[in-house]
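Q: I've got a fold open on my screen and I'd like to learn how to read its strands and its core. Can we walk through it together?

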Amino acid sequence: MKALISPRAMRDCEQNYFQSSAVRSIDVMERAAQALADDISAQLPEGASILFACGTGGNGGDGTACARLLSGRYRCTIVQPHPPRTPDAIENLRRARECGIPILPADSIASEATARPDAWVDALFGTGLTRAPSGPEAALIRRINADRLRGARVYAADIPSGLNGQTGRAFPDCVHAHRTVTFQFLKSGLVLADGLDVCGEIAVRDVGFPPEAFPEDVFDARLIEPEDLPRLLPTRPRNVHKGSCGHLLIVAGSFGMAGAAALCARAALRSGAGLVTVACVQSIVPILQTLAPGAMCIPLEERDGAIAPGACPALEDALKGKSAVVIGCGLSRRAAVETVGTVLASGLPAVVDADALNLLAAHREMQALLRPHHVITPHPGEAARLMDRLDTGDPIGAAHALNDLGATVLYKGASTVVCAPGESVFVSASGCCGMARGGSGDILSGILGALLADPMLTQPGLCAALASELHGLAGECAQSRYGSRSMNAADILEFLPEVFPG
């Protein structure tokens, strides 16, 4: 799994290293520029025209040094909104002038009327940007994006200018790169929120920092990727039976929302649960037995089409002998909150989703029952209802804040952030826009429930990260087959067998 680091932590570790070693920052800048130059030259034919948009700081110095390294093989021109201000960037501009590289002010090139280059290298702002670009920088970003639409390749040095390196939020003026070459480690914002849309392909290039310069505790999270799955998902022995693969109880569904319970059950059955039982209101049992014939059903007392308070004794009986629970899919806010309390008090690993989260938000005294073996799965709207004053614009920060409720957190978004007490923080960046459909979350809960029920998997946070990655990969397969507009949630189920290793 790749490490993710915040811009602040990256900057602090770099400065500590320079202060404690004999290595000069300009020498690391040279290595970063060489890595960027190597990446560009591997893709762009010699003789191509390249414009380098270079800012006033270290990122601009990277771009200026890269222009010098590529000059001779390419027609390189440096474009500057303002003169450089940091010593290393000033020195690299001097070196570029000695090489005879043309240096133009930004206002001379911002107009689309000037000739389109074959490529742009964006080195305007580094990873520490926290304000919207303005003035000549904003105009230059708009020119870069316009040339991209006209066929120019766009490379970003470390991060696309206009993207927040911590949160992944893009300002209105933000470079849309074909490829981002980031240095030493992935910055968190590259794989969060808008970062997934504006970075293009991401290449991580070593620039020579030793491992001891970055202690383990400085990293934000670990990025789980498809190649991690075979190592993290244990292989089952031949000598197993359904009882040794976990028995999942799903407390879900209500009149009018039987489909959510069915999707959850079908996902659990596709994800390795040995046995699946759905505890639901009596009126939808026939529907579930038809839509998910591999699952058993336990009818519960209902009121207004949802689970009634009087169902709790039967639910307590249903929880006996189970390995894990999912509660919330299609449950309805009319369901008795005592239902959620009964599940949380059972001591079983549990996925708490959808209307179960809404009930916890409406009855906050119930949140005292949450424990690390419970996985709450809020999207930003549900998260905001669970906690006051939650910054939902910072996915990793929001997951940490939600962790204070006492449970493991699976915070949904364009990327998923998983934060569990005593475990690593994980980010899963798989998935696609076609998954923005009702029912997708029910399938995620079913996958996660099956993993929590597996006796070979004992870490709730890891289970949540694996479930999110598998869910996203299956969604990508479905979108590839049916298209982003035509796919629906049930299509994700079709491709689960293709993304599970083994």
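Q: Let's start with strand pairing. Which residue stands opposite Arg179 in S7?
A: Keep in mind that this is a predicted model. To read a pairing, look for the partner across the bridge: here Tyr155 stands opposite Arg179 of S7. Tyr155's side of the sheet is strand S6 (residues 153–157), which pairs with S7 in the parallel sense over three bridges.

Q: And which strand do five bridges join to S7?
A: That's S9 (residues 201–205), and S7 and S9 run parallel. For a landmark, find Phe183, whose bridge partner in S9 is Arg205.

Q: Why is S7 described as largely enclosed by the rest of the structure?
A: Check burial residue by residue. In S7 (residues 179–183), five of the five residues are buried, so the strand is largely enclosed. Then look at the two faces: Arg179, Val181 and Phe183 lie on one side, Thr180 and Thr182 on the other, and all are buried.

Q: Now the core. Which residues have the most contacts inside the largest nonpolar core?
A: The general idea is that nonpolar side chains tend to be buried together in soluble globular proteins. In this model the largest nonpolar core has 120 residues, and Ile250 and Val251 have the most contacts inside it. Helix H16 (residues 460–482) supplies the largest share, 10 residues.

Q: What is Ile250 in contact with, leaving aside neighbours within four places in sequence?
A: Its contacts include Cys264, Ala265, Ala268, Val276, Val278 and Val326. There's also a second, separate core of 41 residues, with Ala33, Leu44, Ile50 and Cys66 among them.

Conventions:
Residues numbered from 1 in each chain as written. Predicted model: local features only at pLDDT ≥ 70, side-chain atom pairs only at ≥ 80, totals over all residues. Heavy atoms only, no water. Core = buried A, V, L, I, M, F, W, Y, C linked by side-chain atoms within 4.5 Å. Buried < 20%, exposed > 50% of the residue type's maximum accessible area, 1.4 Å probe, protein only. Helix = DSSP H or I, 4+ residues; strand = E, 2+ residues; numbered from the N terminus. Contact = heavy atoms within 4.5 Å. Pairing = 2+ DSSP bridges.
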